[in-house]
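Colleague: Could you take me through one part of this model up close? I'd like to hear about a helix pair and how it sits in the rest of the chain.

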Amino acid sequence: MTSESSFRSRWWLYLLLTFALLLVITPFVWMVLGSVKTTAELRQVPPTWLPESPTLDNFKALFTRLNFGRYFFNSTLVAVVVTVANLLFCSMVGYALAMLNFRGKKTIFALIMGTLMIPGVVTFVPLFVLVANMGLVNTLPGLFLPFLVGPFGVFLMRQFIMGLPKDLIEAARIDGAGEITIFMRVVLPLLTPALATLGILTFLGSWNNFLWPLVVAQGEESYTLPVALALVSTGQNQTDYGLLLAGATVVVMPVLLVFLFFQRHFIQGIASTGLK
């Protein structure tokens, strides 16, 4: 079947995918266009799609009214620490559950999977009480310590590691390599697709996390970007939508760059993990 005949037979599928793509990207296009509009134009009825008088005043206000450097550093630090810790600890736990034999392994894995069915809201208050008792409220460690390892990451890494050739690991053991050496030098280099997948998902979740930093970060020195934008853009009487859209545009850029950089490994990791 030629490409032309294939297109004719599946034109409805391409039309559906194009419509779905437009639904996905339209809010982002509106966000970027709205970030260069004036406040009056944003409140105009009916609304305009293209800005009538493009301006960068919203971005200027973003970098002058906010301590943007501090908030960006906080968000970056928390997201990087959470991402790196999940990549390391989840892969280590996944390796133990996939390749090692020890008493209670199935029970531990069942408990980990069980935590996936517990909504985060249920553990929110106990987790805050624990952090408060440790004296970590309004500190950066209080923002990232509770999220250094997650059950989804453990499940993802275990499933991927179970698909690795066991003969390779047995050969390393015969050569006298310990489990840590096998993990660091044999298994870890083979986990690039899974690590990229977990890294993107973890970074995205940590970077956009709002509720936990809103409660724990009780001072401006600990604010992350989402919290700072929500609090600063909302005045006593009205919301500064221009500032909010400009901030949202800046916030989404690091996540977009991370995804574009690792998208090949991300797609490969999702596909291979689903097949195994």
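Modeller: Here is a walk through the packing of helix 5 against helix 12, followed by a few other spots in the chain.

Keep in mind that this is a predicted model. The protein chain has 15 helices and 0 strands, so the cut-offs aside, DSSP runs of helix are what we have to talk about. Of its 276 residues, 37% count as buried. Take the contacts between residues at least 6 apart in sequence: 72% of them join residues at least 24 apart.

Now the pair itself. Two packed helices are described by the angle between their axes and the distance between the axes. Helix 5 covers residues 68-99 and helix 12 covers residues 192-207. Their axes are 9 Å apart, and the packing angle is about 145 degrees. As for handedness, helix 5 passes helix 12 in a right-handed crossing.

Who meets whom? On the helix 5 side, the residues in contact are Phe72, Ser75, Thr76, Val78, Ala79, Val82, Thr83, Asn86, Leu87, Cys90 and Ser91. Helix 12 answers with Leu195, Leu198, Gly199, Thr202, Phe203, Ser206 and Trp207.

Let's zoom in on Val82, which lies in helix 5. Its relative accessibility is 4%, and because buried means under 20%, Val82 counts as buried. Leaving out residues up to four places away in sequence, Val82 touches Phe144, Phe147, Thr202 and Ser206. Thr202 and Ser206 belong to the helix 12 side of the pair. There is also a link by backbone position: the C-alpha atoms of Val82 and Leu148 are separated by 5.2 Å, although these residues are 66 apart along the chain.

Between helix 7 (120-133) and helix 8 (140-144) runs a loop, and Asn138 is in it. Most residues other than glycine have a negative phi, and most peptide bonds are trans. Asn138 goes the other way, with a positive phi near 65 degrees. With 23% relative accessibility, Asn138 counts as partly exposed.

Next, the charges. Side chains of opposite charge can pair when their charged atoms come close. A search of the whole structure turns up 2 salt bridges. In one, the side chains of Glu170 and Arg173 meet at 3.0 Å, N to O. Both residues sit in helix 10 (residues 166-174), 3 residues apart, which is about one turn of the helix. Arg173 also forms a salt bridge with Glu179, where the closest N and O atoms are 3.1 Å apart. Because they share a partner, these salt bridges join Glu170, Arg173 and Glu179 into one network. How covered are the three? Glu170 is partly exposed at 38% relative accessible area, Arg173 is partly exposed at 26%, and Glu179 is partly exposed at 30%.

Last, the outside. The accessible surface of the protein chain comes to about 16,300 Å², and 71% of that belongs to carbon and sulfur atoms. One nonpolar patch on the surface is formed by Leu21, Leu22, Val24, Ile25, Phe28, Val29, Trp49 and Leu50, with about 740 Å² of accessible area together. Leu21 lies in helix 2 (residues 11-34) and counts as partly exposed, at 49% relative accessibility.

Notes
Residues numbered from 1 in each chain as written. Predicted model: local features only at pLDDT ≥ 70, side-chain atom pairs only at ≥ 80, totals over all residues. Heavy atoms only, no water. Patch = residues over 30% accessible without salt bridge, like charges linked within 9 Å, V, L, I, M, F, W, Y side chains within 5 Å. Areas by Shrake-Rupley, 256 points an atom, 1.4 Å probe, with all protein chains shown as cover. Salt bridge = Lys/Arg side-chain N within 4 Å of Asp/Glu carboxyl O. Helix = DSSP H or I, 4+ residues; strand = E, 2+ residues; numbered from the N terminus. Buried < 20%, exposed > 50% of the residue type's maximum accessible area, 1.4 Å probe, protein only. Axes fitted to C-alpha atoms, helices over the stretch in contact; angles between N-to-C directions. Left-handed = near helix turned anticlockwise from the far one by under 90°. Contact = heavy atoms within 4.5 Å.
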